Amino acid sequence: MTRVTTSLVPTVRPRRAKSGLRRLGQVLTPVWLPLLLIAVWWFATANSTSPFFPPLGDILVDTWNQWVVFGAWTNAVVSVRNLLIGYVFGTLIGIIGGSLLWRLRYLRVAMNPIIYFLYVLPAPALLPAMIAIFGIGDMRQIALIALGSIWPTLLNTLDGMRGVDTVKFDTAKALRLGGWRTYFRLVLPGAGPQIAAGLRASLTVGIVLMVVSEMVAANSGIGFFILQAQAEFAIKKMWTGILVLALIGTVLNYLFVFVERRALRWYYRSRALGSS
Amino acid sequence: MSIATAVPTATETVLAVDGLRKIYDEGTDHANMAIDTVSFEVDKGEFVCIVGPSGAGKTTLLRCISGLASPSAGTVAFEGRPLSGVPEQLGLVFQDYSRSLYPWFTNGDNVALPLSARGMPRAERAARVAETLEAVGLGHVAKKYPWELSGGMQQRVAIARALSYRPELLLMDEPFASVDAQTRFDLEDLILKVRRELGITVVLVTHDIDEAIYLGDRIVVLSKNPSVVREIVEVQFGSERSQVETRSSPEFLELRNHLLSLVMPKDV
């Protein structure tokens with residue numbers, strides 16, 4: 001065989017030879033763009049005198065001062081606590097509700113229009129009603145986060161459970177697993193990947209609602225901090241809030257993926273095997 | 001045939017199918033009769049194969065006699081009692097192992113599933129799982145997942161799962177249709193061995209005439225849709241069979257011709 005060209009035809013790389021350079025490349029591939037953007041941000045604002053875009057270095061210093069030295073971290077604690085409580089409640093209701101709708105066909109038919117009505121209704125629109133019902137305080141935040149995070153989980157749970165293979169149900173009957181055992185050993189794990197997708201969407205919704213609810217008639221939380229700083233025209237302080245928020249969101253998302261990869265190891269590994 | 005009252009246990013009927021009929025969507029304008037009338041009996045310790053052309057309602061028949069589906073008319077009795085759901089003493093093996101095994105459990109947990117459902121204590125369960133997997137030649141895969149195994153091995157796990165609770169009757173729906181030819185021979189011999197060792201009654205549905213002759217003591221031949229029993233053929237090979245010799249014996253070829261003419265009648 002003659003080689004046609006050297007540059008256009010991709011050559012097959014030897015599989016085993018994993019040089020240190022390639023390993024470095026594997027580490028750098030996912031992080032080079034964020035690093036580049038941070039560098040751009042850093043240098044573009046380095047000599048900035050604009051009150052709206054203070055130098056990144058100043059923001060970082062101020063973040064340390066505001067959140068650690070001056071004790072604003074309590075705002076983050078309140079926010080995350082409200083988020084977690086609301087999220088756990090909301091997603092539990094979502095999974096249980098989705099399971100009930102899966103099991104009870106008549107309930108499903110009856111509830112269908114109501115669920116979609118509530119699903120398309122933007123949860124922040126309920127904020128005034130929430131204030132009227134729960135007053136001002138953590139309870140209202142938690143309730144709003146819970147309410148918003150119900151729907152993605154509920155709909156994905158229902159969908160996932162309805163998609164479980166009929167042969168697997170026949171198997172459950174043949175093995176005489178019974179109702180609860182069928183639910184916990186077949187339906188719940190079978191719908192697992194899709195429930196996880198719902199849980200993740202709920203987390204995103206929950207974070208949005210956390211911030212939004214803290215920006216209206218609240219006296220603590222990251223959203224409150226950001227809005228307060230902006231009202232005081234302390235733009236640098238405002239940026240520190242946004243930075244902390246982004247940091248918390250990223251950490252929560254990575255944490256979620258970490259747990260999901262472990263809980264659904266069978267799913268990712270079987271898929272990886274199937275495609276190779 | 002049977003001289004009644006001589007030895008009642010010798011010809012104990014495990015499964016009695018009488019006048020079974022199955023119509024899907026009965027009463028609607030697209031009603032579809034899958035099975036017209038099918039009657040046969042399976043005695044204890046027997047190996048009965050059900051063959052028929054494709055689309056003969058074989059799977060429907062199996063679903064009805066296993067209790068997964070209810071017949072439109074006629075009765076199915078398991079050990080003398082009419083069916084209501086799948087009986088406890090019945091093991092079922094489906095064609096598609098990748099759909100019937102639970103991929104979120106290890107092979108050991110898959111096999112343990114019916115045991116825990118039957119309330120077997122944990123220690124006894126572990127021993128039984130190991131023993132059953134050993135019996136199908138898979139002593140080393142309890143901690144692995146089904147999707148880490150080859151197709152033939154996965155079907156062995158499914159067979160082990162159906163055998164783990166020591167059922168009286170093993171029902172199999174085209175169990176070897178999704179594996180390659182060599183594996184198929186291995187699995188056929190495995191089933192014969194298991195049957196010899198456990199003294200279990202087996203009903204196997206297949207479209208493969210050779211397989212039916214090689215495995216069965218009797219073969220129920222179905223017509224095409226809507227199914228009736230065309231003939232019940234006796235096979236006299238005894239319990240020891242070999243892939244090479246049995247399949248090349250003149251009796252085998254004669255039976256094969258006979259069954260082919262039943263499954264594919266020239267006058268239709």
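Helix α5 of chain A is hardly covered: among its 16 residues, the count of buried ones is zero. Keep in mind as you look at it that this is a predicted model. The helix runs over residues 105-120 of chain A, and the distance from its first C-alpha to its last is 22 Å, close to the 22 Å expected at 1.5 Å a residue. If you follow α5(A) along its length, you will find a bend of about 50° at Met111(A). A proline, Pro113(A), follows within four residues of that point.

Now stay in chain A and move along to helix α9, where you will meet Thr182(A). Is Thr182(A) buried or exposed? Thr182(A) is buried, because 20 other C-beta atoms lie within 10 Å, and a residue counts as buried at 20 or more. Leaving aside neighbours within four places in sequence, the residues in contact with Thr182(A) are Ala172(A), Leu177(A) and Val187(A). Leu35(A) is another matter: its C-alpha atom and that of Thr182(A) are separated by 48 Å, and the two residues are 147 apart along the chain.

Helix α9 also brings us to the place where the two chains meet. Here 19 residues of chain A are in contact with 18 residues of chain B. On the chain A side, the elements that give two or more residues are α8 (166-174), α9 (179-190) and α13 (265-275). Which of them gives the most? That is α8(A), with six residues. By character, the chain A side divides into eight nonpolar, four polar and seven charged residues.

Cross over to chain B and you can trace an open sheet of ten strands. Their order is β5-β4-β1-β2-β10-β9-β3-β8-β7-β6, and the pairing is mixed. At the edges are β5 (81-82) and β6 (90-93) of chain B, each of which pairs on one side only. A helix packs on this sheet too: α5 of chain B, residues 151-163, touches β6 and β7 (169-173) of chain B. The direction of α5(B) makes about 170° with that of β6(B).

For a closer look at one pairing in the sheet, pick out strand β1 (residues 13-24) and strand β2 (residues 32-43) of chain B. These two run antiparallel and are joined by eight bridges. To find your place along them, start at Ala16(B), whose bridge partner in β2(B) is Glu41(B).

How values were computed:
Residues are numbered from 1 along each chain as its sequence is written. Chains are lettered from A and ligands numbered from 1 in the order in which they are written. This is a predicted model: local features need pLDDT of at least 70, side-chain atom pairs count only at pLDDT 80 or more; totals for chains, interfaces and linings use all residues. Two residues are in contact if their C-beta atoms, placed from the backbone, lie within 7 Å. Ala, Val, Leu, Ile, Met, Phe, Trp, Tyr, Cys and Pro count as nonpolar, Asp, Glu, Lys and Arg as charged, and the others, Gly among them, as polar. Two strands pair if DSSP finds at least two bridges between them. Axes are lines fitted to C-alpha atoms, for helices over the stretch in contact, and angles run from 0 to 180 degrees between N-to-C directions. The expected span of a helix is 1.5 Å times one less than its number of residues. The bend at a residue is the angle between axes fitted to the seven residues ending there and the seven starting there. A residue is buried if 20 or more other C-beta atoms lie within 10 Å of its own, exposed if 12 or fewer, and partly exposed in between; C-beta atoms are placed from the backbone.
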